[in-house]
Amino acid sequence: MQINVALAGNPNSGKTTMYNALTGSAQYVGNWPGVTVEKKEGNYKKDKNVKIIDLPGIYSLSPYTLEEVVSRNYLLNEKPDVILNMVDASNIERNLYLTTQMLELGIPVVIALNMMDVVRKRGDKIDVEKLKKELGCEIVEVSALRQEGITALMDKVVDSARSKKNPEVAFRFCEDVESAIDKISKTSSVSSEKNKRWTAIKIFERDEKLLETFEFKGNDRTEIESIIEEVEKSHDDDSESIITNERYEVITKAINSAVEKVKVKVSMSDKIDSIVTNRVLALPIFV
Ligand code: BGO
């Protein structure tokens with residue numbers, strides 16, 4: 001049985017390095033349909049039944065850039081068996097933003113916690129078990145550059161694809177946002193959707209790409225709009241920003257539980273030196 005693995009992550013997370021390590025030189029390069037965004041796909045060199053599809057580097061699954069639209073159309077329409085999410089562990093907060101969105105797609109996600117060589121060199125520590133619990137997916141520490149951890153990673157990728165288990169999102173947003181998402185999910189327009197949570201969140205965010213084609217039933221659109229407006233009023237913010245903030249809350253909680261960063265000790269003499277240096281450097285600018 002062939003397994004389709006979507007390789008996804010932020011730009012500079014090490015996707016190309018990983019893709020080359022997994023496929024070697026045997027790869028097909030073309031463009032994604034209708035756009036001039038490069039598409040690469042190739043087989044895992046240790047198992048030709050495993051196809052790796054390299055998605056464009058993105059920061060989010062919003063519909064604002066061509067790369068985001070290409071990635072999200074592929075994930076939603078082609079439904080790969082598993083997402084291999086490259087996360088730059090040395091920049092973990094920013095990288096996990098995309099992860100929180102991918103975990104909502106109903107596709108198994110395996111995180112390759114890349115650049116662990118950099119994290120270790122800094123002396124930082126990541127408790128993978130705790131991070132797994134916070135996010136609810138498999139995580140394997142790797143260094144794509146040094147080709148470390150790759151076999152263990154691919155074993156998890158293949159297991160996750162074969163298990164065919166529908167992943168459950170392990171984290172929740174704040175109460176009133178969850179209640180709104182729940183109400184939207186239960187409307188007759190959304191309740192029959194395959195991926196209710198993803199659809200309800202996108203409707204809550206007023207995602208323009210989804211709304212272009214989504215067919216609301218009866219009075220649902222008006223009713224949903226009043227649900228959204230109520231939350232916007234209480235948060236004094238627009239619904240898209242509310243979800244963005246909630247994602248960062250989830251990430252902060254996960255990081256606080258699982259990541260230990262080396263604290264740089266600053267002595268009083270360092271502080272005085274820095275104040276003196278800043279004054280000397282700043283003076284000519286402000287005079
Ligand atoms: C340059 N560890 C370390 N230390 N570096 C890594 C790892 C890792 O595990 N994985 C990748 N990198 P891409 P996207 C570079 O190119 O695969 C490095 O955008 C340089 N180039 O080598 O391109 C990788 O496909 C000059 O670094 O990422 C690359 O996702 C000086 O991360 C960068 C230093 O990897 C991005 C680095 C001219």
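## Exercises on a ligand shell and two cysteines

By class, five nonpolar, eight polar and two charged residues make up the shell around the ligand. The model is predicted: local features need pLDDT of at least 70, side-chain atom pairs count only at pLDDT 80 or more, and totals for chains, interfaces and linings use all residues. Residues are numbered from 1 along each chain as its sequence is written, and side-chain values use heavy atoms, with hydrogens and water left out.

**Exercise 1.** Find which residues come nearest to the ligand, then list polar contacts.

*Solution.* Take residues with a heavy atom within 4 Å of the ligand. There are 15, and Asn 12, Lys 15, Thr 16, Thr 17 and Asp 117 come nearest. Next, look for polar contacts (N or O pairs within 3.5 Å). A polar backbone atom of Asn 12 sits 2.7 Å from a ligand oxygen. For Lys 15, a backbone N or O atom is 2.9 Å from a ligand oxygen. Thr 16 uses a polar side-chain atom, 2.4 Å from an oxygen of the ligand. The ligand alone exposes 750 Å², of which the protein buries 54% (Shrake-Rupley, 1.4 Å probe).

**Exercise 2.** Identify which helix gives the most to the shell.

*Solution.* Use DSSP runs (H or I, at least four residues). Helix 1 (15-23) and helix 4 (116-122) each supply at least two shell residues. Helix 1 gives the most, with three.

**Exercise 3.** Count the disulfides, then classify Cys 137 and Cys 174 by burial.

*Solution.* Search for cysteine sulfur pairs within 2.5 Å. The count is zero. Now apply the burial cut-offs: buried is under 20% relative accessible area, exposed over 50%, partly exposed in between (1.4 Å probe, protein chains only). Cys 137 has 10% relative accessibility, so Cys 137 counts as buried. Cys 174 has 26%, so Cys 174 counts as partly exposed.

Methods: A polar contact is a pair of N or O atoms within 3.5 Å; within protein, one must be able to donate a hydrogen and the other to accept it, and residues adjacent in sequence count only if both atoms are side-chain atoms. Ala, Val, Leu, Ile, Met, Phe, Trp, Tyr, Cys and Pro count as nonpolar, Asp, Glu, Lys and Arg as charged, and the others, Gly among them, as polar.
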